[in-house]
Each structure stands twice: as structure tokens, then as C-alpha cells.
Amino acid sequence: MKTVAEKRHPTGAGYRDHRLAVRADGKNLTGHAGVVLLRKVADRVGLATVLSAALPKGTGPGWRDRGMALVQLACAIVLGATNILEAEQLQHHWKSLFPRPVSDSTLRRTLEAIDGPVAARIERVRAVVRRMVWTLLALRPGGFPWIAVCGRELTGWYVLDLDATIVTCSSKKEGAAGTFKGSFGHMPLGAWVANTRECVAMLLRPGNAPPNDVDDHKSVLASAFRQLPLPLWSKLLIRIDGAAFSHDVLGHLQSLTTSRRRVRWVTGWAINDADEKAIARLPEKVWTAALRQDGQLHEIKGPDGEWLSYQVAELTGVRDLTGWPQGMRLIVRRVKPSRRDAKKLTAFEKRTGWRYQIVATNIPSHQGLSGVPGSGQVWFVDALYRDHAEVEDRVKAIKRVGLGLLPSKSWQFNAAWVLAATLAADLDAWTRLLLLHDEPELAAAEPETIRRKLYHLPARLTSHARRRTLHLDRTWPWAAAFTAAWKRATELPART
């Protein structure tokens, strides 16, 4: 028996578009209203102005400012554009706010103009803008963000994480090749500041580039250093995973310390027979429990449901380190292997019943990191290195903000696109750092999440008495966070 509602609405009582009319007669409607936050931050820190000075000028009566075009492209990438055509189409969503969308042909010409010298100029002006942003971060409530490991805040230490990632492609693009993981594409190498989550350097590389290429690491580190507005007598910590392990890379890291810059590093280590022989000589009493980043015991659930603890020990005095950087230490970690690890175990690991990993560092055991109590202990160095795994989240994020797809067959164009993606990642990070520092869930949200909650919010634009007002849905759960962020954006000092 049909209900009255079902007789009235044949598709069911929940059918809400009965007698619904659709007309394209609205005015001043805005989609992706969160772009105003990105554009306001870009304007306040002077990003478009410095980019205009770095990029070559266009010609002709109707030429567009290429600095502003690059900022528009960065905004579109933050909002989800994966190529220049999508970037042009996205701009029509906020045409009521910024009435002159930049065409895809103009965006293409802008990227094609970014050759080696232009990219170097853009790198220099990015560093200028970053210095202003870091000054604003130091002045905000809570000051500059310092990372914490095992309940200890690394105050005064700037942490730089390096990592490579694979960008796959299905067609033959310039530089695309088979990777060491069996896929096909490119393997860019990037550097992120763990304190601020900024991507300060990104080097596009062929897919067959070695993960531990020392020249590539030197290049990325040099680019990252040029971006960091470090004070005199600065303290810098560099973290690299085991895939980049090589004698030359460690030697270069050791050489980065100068009279005005103290550099500590912690990296993964490729275990060989000599290491296993040294581990075998360790007495059982030297092993101690490992800790998580929050200071709790690092435990995993064993195959029989029991809880197994990670254990760490100092290997430095047992392993011969002749020829390696002076002052280098080795920290070894062990854990009972899981079923998933069974096929990867060496004969030594099968015999001992443990799976081992080694960390190399130049952090002194007696001094540790200056100002951080206990940071020279083996459990702290181990936790500090494992905290490097957070860079994987940064890699995933930037692959969702422009780096997940290289849109051209041209190497030069793709290199320029990678630069635009890092600019977009900068703009997104600065917006979160400067405007959302009291909204931790939004500040640390994944790209899709912050787009859904903040950036893709629809709005209506009205004008009255020479003032324009952007109206948001009052019932939107994050409307208060949006309006608070806009207020902070308008209060930021403008770069002169």
C-alpha cells in the first residue's frame, strides 16, 4: 500500500526536487570562495610583485602581468587544478571576485618563459618573501613553530627533511624512464622544512636517477639553504632516509657545518656483513627500550597477539668506522619480525630472530642537540630519525597539489610546472600558518579535506556604498573559521 507522500511524489517521500525549476539567471555567485584567503596572503607578502620582477615582460597591447598569472596558477593548483586548462576553467568559479581570468595560452607562455636563469631569479625572490613570512610567524601568538620529539621541544633548531618520490606517467615524456621500483616516470627530489611544512626545493629528475645520487643531493641542499632565512649562528638538523645512503652523501652532510652554522644530521644506513658482525658482538645488557615520538614505549603486536617492544643500542664503539666522517655514530634498532618481513630477512636475522635497522648521525652522545636535554641518548636519536617519516605526508600532499601529474612532454615545461607546484605548496602552507594557527584540524588537514571544508566554499558577492561583501552560508560548520582567517589576512602588514 502506497503512502500519501508516495502517491504525491512517485519516487518516494524523500524526493525533494518535485516541481523544481533551474534557471541560469543568478549574478555575482562565487564558487571556491577560499581563493580569497590565498590571494590575500599572496598580496600581503608581495608574491605577485616579486614574481613580476623576476619573470620576463610580455609584449603587445593586451599582455598580462606574468607574476599575477603565476599567482593565479598557484591558487588554481591549490584548489585542485592538474594542468593549465583546468587552471583556466577553475578561475571562472571566482570570476565575480577577480573578473579577468588568465587564459590557458597565457599560462602556457608564462611557464615556457621559465628557463634556467628565470628559475634562479624566482628562487631568489621566493627567499625574500619567505623571510617576511617567517618574520610574521615569529610575531604570531606562540611564535615560530618548533618541532617536538619525545616530549622535548627542539627550540632554535630548524629541521630539513629530504625525500624522493616517483611521479608515474603512461606516455613517453622527456626524461621519463623505468624506476628502481619497476614503475615508469620521473623521480623528483625535494626538501621540506619540518617546522613549517614548506617545500623549499624540488629537483625534477629522470625516472632512472639513483636514489643516493650525491650531486642531486648537493643541488637540492644548496637550493634549500638559499631559501632558508636562517639567522646567524643558526642550528640546522637534516634528516634523510636510508634510500639515499652513500659515503659521499654523508661526507657532504658533514662538510655543511661552518663557523656561523651548526649542522647536525641523521640518516638511514644500509646494513652489510660488517654491521651484522658488530651487532653480534653487542652484549644483551646494552639494549634498551625504544620510544615513540610522544615519549611512550614503541611496541607492536606480535604474531601471537603479544606486545613486542622495539629496542635500541649504540653500535659506534663496536663497528669499525675508519674512513667515515669524524664523530659519526651508529644506532641500531631491533624488533621481532612480522610475517610480512619474513621473506626480507637475512640469514643473520633469521638466526637471531630479530630484524635490524641502523641509523647514522653526527649528534654527539654527551652534548646532543644544543638546548635539548637528553637528545644525545640512543632512544632519542632513534625517535628523531623515525619522526622523519612525517615527510611522507608532505610528499603525498604536494602530489595532490600539482606534482601528481606532469602535464607536458617537454622537460622544460614540466620543470616550470614543478616550480609552480612548489609555489602553490608555499601559498597553501603560508595560509595555514598565518591564518589558521588556532584551528589545528584545518591547519594540518589533507588537501582534499581543507578544500572540502574551506577552499571550495560557495558564496555570494554584493556591493553597497562602494563596499563589496562576500556572503557565506551561516550554517556552514567552518564559516566562523573562514571569517576569522579573513580578518587575520586583512590585518597582515603589506610588503612595501
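Which residue in β7 is the bridge partner of T168? It's G185. Keep in mind that this model is predicted.

**The little sheet**

That bridge partnership between T168 and G185 belongs to an open sheet of three strands, lined up in the order β5-β7-β6 with antiparallel pairing. β5 and β6 stand at the edges and each has a single partner strand, so one side of each is left without a neighbour in the sheet. Two bridges join β5 to β7, and this pair runs antiparallel. In general, strands of a sheet pair through backbone hydrogen bonds, and they can do that either parallel or antiparallel.

**Two helices that cross**

Now for some helices. When two helices pack, people describe them by the angle between their axes and the distance between the axes. Here, the axes of α4 (residues 66–78) and α14 (residues 411–435) come within 8 Å and cross at roughly 70°. Angles of 65 to 115 degrees count as roughly perpendicular, which makes α4 roughly perpendicular to α14.

Who touches whom? Here are the residues that meet, helix by helix:

| Helix | Residues in the contact |
|---|---|
| α4 | L70, L73, A74, C75, I77, V78 |
| α14 | W417, A420, A421, L423, A424, L427, D428 |

Sorted by character, the residues of this contact divide into 12 nonpolar, no polar and one charged. The charged one is D428 in α14.

**A covered helix**

Last stop: is helix α12 (residues 378–386) mostly covered or mostly exposed? It's mostly covered, with nine of its nine residues buried. Among them are W379, F380 and Y385, and also D382 and R386.

Note on methods
Residues are numbered from 1 along each chain as its sequence is written. This is a predicted model: local features need pLDDT of at least 70, side-chain atom pairs count only at pLDDT 80 or more; totals for chains, interfaces and linings use all residues. Side-chain values use heavy atoms; hydrogens and water are left out. Axes are lines fitted to C-alpha atoms, for helices over the stretch in contact, and angles run from 0 to 180 degrees between N-to-C directions. Helices (H or I, at least four residues) and strands (E, at least two) are DSSP runs, numbered from the N terminus. Angles under 35 degrees count as roughly parallel, over 145 as roughly antiparallel, 65 to 115 as roughly perpendicular and the rest as oblique. Contact means heavy atoms within 4.5 Å. Two strands pair if DSSP finds at least two bridges between them. Buried means under 20% relative accessible area, exposed over 50%, partly exposed in between (1.4 Å probe, protein chains only).
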